[in-house]
Amino acid sequence: MSTFLPVDEQLDLLQKGAAEIIRVADLRERLEESRKTGRPLRVKAGFDPTAPDLHLGHTVLMRKLRHFQQLGHTVIFLVGDFTSLIGDPTGRNVTRKPLTREEIDRNAETYKEQVFKILDEKATEVRYNSEWLGRLDYEQTIRLTAHFTVSQMLERDEFHKRFQAEQPISLHEMLYPVMQGYDSVCLECDVELGGTDQRFNLGCGRELQRQYGQKPQIVLMTPILEGTDGVQKMSKSLNNAIGINEPPAEMYGKLMSISDELMWKYFVLLTDKKQSEIDALQTSVKTGSVHPMRLKKNLAESITADFHGAEAALAASQNWARMFQQKAESEDLDEVHIAYADVAGPGEGLAVRLPKLLLALGLAASGAEANRKIAEKAVKLDGETAPGNVVNVDALPARLVVRLGKRAKVAVVE
RNA sequence: GCACAGGUGGCCGAGCGGUUAAUGGCAGCAGACUGUAAAUCUGCCGCUCCUUGCGAGCUACGGAGGUUCGAAUCCUCCCCUGUGCACCA
């Protein structure tokens with residue numbers, strides 16, 4: 001009756017790109033049992049809607065979820081609407097400020113839209129942990145926390161470091177892992193996915209499940225994806241993230257800017273290529289038979305296509321080649337209409353103050369910055385380096401292609 | 001509650017009465033080099049105005065006052081964090 005693939009084949013897919021599984025033997029056992037009984041495994045991953053936009057780092061986990069989904073298991077997309085009232089202390093050296101209910105709801109909605117670019121919506125169980133956490137009364141909460149000791153909590157690296165550094169740790173932050181663990185109990189999870197930075201929280205789930213008489217979940221940890229800087233984990237606040245809602249050209253460009261070294265990790269974690277294929281590509285680069293840029297273009301196009309479709313990805317690729325390899329202007333620059341009065345220069349004739357123009361175009365954050373960039377000769381007008389802060393124009397709807405560094409826009413002054 | 005140590009620009013961290021928009025480092029931006037790579041090197045890195053000048057003005061060192069010709073630097077009060085001690089007779 002089983003429609004499941006043989007366990008070895010399942011394991012093969014599931015282990016690709018996984019940083020660590022606690023424990024592989026248990027996972028095998030559970031897969032075998034599932035195959036025998038025809039019961040799909042319940043696989044959970046939680047996301048806290050703390051920021052409205054997902055980036056490629058989040059998708060590493062989602063791709064792994066999809067693997068489970070493809071194998072016929074039940075995937076639970078857990079929205080941590082309740083836990084985000086606390087904020088996961090993971091990777092934080094400071095206490096988070098709590099979000100409002102409205103922010104959380106709004107973020108959660110946006111999350112769902114983005115998530116189903118990767119997961120199959122129909123086959124996904126979407127749950128909110130306020131469903132059970134919001135129902136706990138004070139007594140039940142106390143009983144729940146009694147399963148853990150203070151020193152267990154202080155063992156946790158983030159807390160430990162903060163404690164050592166004499167940084168504040170709020171009491172409520174310690175409740176976060178407890179609640180995440182309780183999620184697993186309520187959902188009766190067989191497997192929970194998370195980044196390696198989630199090790200402690202994931203382990204709490206195992207611990208609690210044991211206390212509640214359930215089999216402890218298997219924990220599958222995915223590596224943390226470095227951002228475009230190649231060093232720190234991808235994160236919006238570190239400004240090294242590639243958001244999955246970014247326009248294709250933007251996404252493609254950012255992907256091209258990663259280092260060759262990092263490219264391999266992206267191949268493993270963000271494409272469906274088999275490990276053996278990736279190894280082969282790596283060899284061909286080493287022997288010089290393939291240029292790394294060639295592969296990076298493939299990578300960038302493939303990832304862009306995942307979120308925007310093949311057509312948009314191809315266009316992004318062509319546009320990129322035109323802009324950066326042939327140093328030409330992009331075809332579809334944003335046009336911004338600006339009133340002459342806002343940028344009018346001094347004197348009688350028609351003239352435009354460049355700093356004001358840059359500000360109006362959003363190419364500079366402040367007039368002072370615009371001034372500096374002009375002085376640094378970083379600003380180009382219609383392909384020519386801007387000579388000074390004031391430029392004369394001939395007639396009134398004036399069209400100027402303004403470029404500052406990588407970014408360019410068309411200003412229409414009227 | 002008491003004592004002690006702290007709170008400096010996006011972050012970390014110097015400065016401890018005046019040539020200080022405030023040393024360094026990180027992050028960021030731009031330029032050179034390139035494969036828009038990465039790495040490296042160089043410049044910039046509070047805001048506004050214009051006569052774009054080694055220009056003028058404004059704002060900034062937890063908050064509010066004060067001392068002083070002059071304060072991030074001294075004083076008072078307050079807020080916040082950490083540590084220790086107490087309180088609970």
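Which element gives the most to the surface near RNA strand B? That's H18, with 5 residues. Keep in mind that this is a predicted model. Chain A has 414 residues, 36% of which count as buried, and its secondary structure comes to 18 helices and 13 strands.

**Overall build**
- The C-alpha atoms of chain A fit in a box of roughly 85 × 55 × 40 Å along the principal axes.
- Take the contacts in chain A between residues at least 6 apart in sequence: 70% of them join residues at least 24 apart.

**Around RNA strand B**
- There are 31 residues around RNA strand B, and the ones that come nearest are Glu166, Met256, Phe324, Ala378 and Gly405.
- Four elements, H11, H14, H15 and H18, each give two or more residues to the surface near RNA strand B.
- H18, the top contributor to that surface with its 5 residues, spans residues 367–375.

**Helix H15**
- H15 runs over residues 310–325, so to speak a 16-residue rod: from first C-alpha to last it reaches 21 Å, close to the 22 Å expected at 1.5 Å a residue.- Its buried residues are Ala313, Ala316, Ser317 and Trp320. These four sit on the same side of H15 because they cover an arc of only 100° around the axis.
- An α-helix has 3.6 residues a turn, so residues three or four places apart point the same way.
- Glu311 and Gln318, on the other side of H15, are exposed.
- What packs over the buried residues of H15? The cover includes helix H11 (248–256) and helix H14 (292–308).
- H11 and H14 turn up again, along with H15 itself, among the elements that give two or more residues to the surface near RNA strand B.

**The six-stranded sheet**
- One open sheet has 6 strands in the order S1-S6-S5-S2-S3-S4, and its pairing is mixed.
- Strand S1 (20–22) and strand S4 (124–128) are the edge strands, each pairing on one side only.
- From one strand to the next, the twist averages 25°.
- Strand S3 (residues 74–79) runs parallel to S4, and 5 bridges join the two.
- If you want a spot to look at, Leu78 stands opposite Arg127 in S4.

**Backbone oddities to check**
- A cis peptide bond links Ile22 and Arg23, with omega at about -15°.
- Arg23 belongs to the loop between S1 and helix H2 (24–37).
- Lys377 isn't a glycine, yet has a positive phi of about 60°. You'll find Lys377 in the loop between helix H18 (367–375) and strand S9 (379–381).
- Is Lys377 buried or exposed? Lys377 is exposed, because just 10 other C-beta atoms lie within 10 Å, and the cut-off for exposed is 12 or fewer.
- Asp382 is another residue other than glycine with a positive phi, this one near 45°. Asp382 is placed in the loop between S9 and strand S10 (384–385).
- Asp382 counts as partly exposed, because it has 13 C-beta neighbours inside 10 Å.

Methods
Residues are numbered from 1 along each chain as its sequence is written. Chains are lettered from A and ligands numbered from 1 in the order in which they are written. This is a predicted model: local features need pLDDT of at least 70, side-chain atom pairs count only at pLDDT 80 or more; totals for chains, interfaces and linings use all residues. The expected span of a helix is 1.5 Å times one less than its number of residues. A residue is buried if 20 or more other C-beta atoms lie within 10 Å of its own, exposed if 12 or fewer, and partly exposed in between; C-beta atoms are placed from the backbone. The arc is that of the directions from the helix axis to the C-beta atoms. Two residues are in contact if their C-beta atoms, placed from the backbone, lie within 7 Å. Two strands pair if DSSP finds at least two bridges between them. Axes are lines fitted to C-alpha atoms, for helices over the stretch in contact, and angles run from 0 to 180 degrees between N-to-C directions. A residue is near a molecule or strand if its C-beta atom, placed from the backbone, lies within 6 Å of it.
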